[in-house]
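Hi,

Here is the structure I promised to pass on. Have a look at it first, and my notes follow underneath.

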Amino acid sequence: MMKHKRPLAILGDLTAKEFLADYWQKKPLLIKQAIPNFTGLLSPDELAGLACEDEVQSRIVEYKKGKWDVRHGPFDEEVFAKLPEKPTEQHNWTLLVQSVNHHLPEATYLLKQFNFIPHARLDDLMVSYAPDGGGVGPHFDSYDVFLLQGQGKRLWRMSEQTDLSLVEDAPLRILKHFETAQEWLLEAGDMLYLPPHLAHWGIAVADGNVDCMTYSIGFRAPKNQELATEFLGFMQDQFNQDSISLAGIYQDADLTLQTHPAEVSQSMISKVSDILQKIQWDEKDVAAFLGTYLSEPKATIVFEPNKKISKKIFEDKLKKQGIALDLKSQMLFISHAFYLNGESCTCTDESLPLFQQLADNRKLNTQDFVNNTPLNIALLEQLYAWYLAGYLYFE
Ligand code: SIN
Ligand code: CO
C-alpha cells in the first residue's frame, strides 16, 4: 500500500501527495539525483540486441541534413554498423526501444518506485540510446513521462510555447518552431517529469566516451473516443452473452394505412427509439469494462504457456519460492474483482489480501503464505490456471 505522507527521494523529497497536487499533469519538475548511482539497467549493446528481436518494438530515428527518417525494427545487426560512428550536428541518430520492462526483470524494481501513480495509467518503460548530438528533435507528447537519465548526459530544452504546429510531411512529430525557455543538463540518476503537451527537445551529450541512454517511464491516457468505442464493443459482447438482452419483438397492432408504402413511418421510428432507450448501463458495467480493457495486453503481446506440472508440484513450489507476475502481465482490481490480461475472476474475503498483494507488488513471497496453510483451494486453483496460461512465473 502506498503511504502518501512520506517524502520520496525519487520525487526530490516531495511527498506523493504534493507531487500529485502541484505537478502531475500540470508542470515540469526537475529532480537532481532522483535515483543516486543510477547508471542504467542495460548496456547499449544489450539494447541493440533487444531491437533485433521479433517481439520487441523499436525505432531508429536518423537526422541527416535537415531531414528526419524513421525505421522500425526488428533490425539486423548490420543496420547499426552503417550508422555514423562519429555523428555530427548534420548527421546523427537515436535508437528507441519500447516496453523494455517486458523483457528485463530489473525494470520491475525500477517501475515499482513509480507506484504513486496507479498501474492502470502506466504504459511502459522506453529506453533510448544516442551518440553525441542524437535525439528525436523538438516535439511534444500527449502523455505524462518521467525521463530518467541513465549513462551519459542529456541536454533538455524546454519551451513555454503554445504554438504546437508540426513540420508537415516529416515521418515523426517535429515542431515547426521551437523557442527554448529553459535548459537543463541531466546526468546519470537525474530525472525530469513532463506533463502532456509541453514542448521539449532532448539532445544527447556524450560523457567522455560514454554515450547517452535515457529511460522514459511513460503513462498512458486513453482518448475519450477510444474509451467510447471500446466500451460500446464491450457492451455488445455482454449483450451477445445475453446478460442484458431485450425481451420482446417489434409490434404494430396499431398500424394505419400509409400514403407511401416505402416510407419508414414516424410511428416506427418512435417505437424503435423506445426499445433502444432500454439499453442502459451503470457504473458496474463501466467498472467491468475498465478492468478488462485496461488489463488487456497490446495486440503484439503473446504469452507462452508454462510447461504443465501437477497441481501438487505447483503448490509445493509456490510455498517454497513464491510466484511473480510475468513481465508482460497486467493485473488490476476493483473491489473483489481481479483482472489479469483481460480475463476476470472474483475472489473471496479470505483471499483478498493475497490477490491484492500479487496485483500491487507483482509477486507473492513465501512469507505471504504463512497464514494461508493449507492454501485456500480457490486461490490455488486460480494461481495454477494463471501459471499454466503463462501469466505467472517462478522467479
Ligand atoms: C528520448 O529520446 O529518450 C526521449 C524522447 C522524448 O523526448 O520523449
Ligand atoms: Co518526448
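To start with a small one: is Arg 71 buried, partly exposed or exposed? Keep in mind that this is a predicted model. Arg 71 turns out to be partly exposed, at a relative accessible area of 31%. Its salt-bridge partner Asp 69, with 3.8 Å from N to O, is also partly exposed, at 35%. Glu 62 belongs here too: salt bridges with shared partners link Glu 62, Asp 69 and Arg 71 into one network.

Over the whole structure, the search turned up 13 salt bridges. Another one of them pairs Arg 121 with Asp 144, whose closest N and O atoms are 3.5 Å apart. Arg 121 sits in the loop between H4 and E7 and Asp 144 in the loop between E7 and E8, so this pair ties together parts 23 residues apart in sequence. Asp 144 is buried, with just 1% relative accessible area.

Then there's the sheet. It is open, with three strands in the order E10-E9-E12 and antiparallel pairing. E10 and E12 each have a single partner strand, so one side of each lacks a neighbour in the sheet. Five bridges join E9 to E10, and Arg 154 has Leu 186 in E10 as its bridge partner. Lys 153 in E9 also makes a salt bridge to Glu 187 (3.9 Å).

Last, the metal. The cobalt ion (ligand 2) has His 139 (NE2), Asp 141 (OD) and His 200 (NE2) as protein donors, at 2.0 to 2.1 Å. Of these, His 139 is buried at 10%, while Asp 141 is partly exposed at 27%.

Cheers

Technical notes
Residues numbered from 1 in each chain as written. Chains lettered and ligands numbered in written order. Predicted model: local features only at pLDDT ≥ 70, side-chain atom pairs only at ≥ 80, totals over all residues. Heavy atoms only, no water. Pairing = 2+ DSSP bridges. Helix = DSSP H or I, 4+ residues; strand = E, 2+ residues; numbered from the N terminus. Donors = N, O, S within 2.8 Å, 3.2 Å for Na, K, Ca; no water. Buried < 20%, exposed > 50% of the residue type's maximum accessible area, 1.4 Å probe, protein only. Salt bridge = Lys/Arg side-chain N within 4 Å of Asp/Glu carboxyl O.
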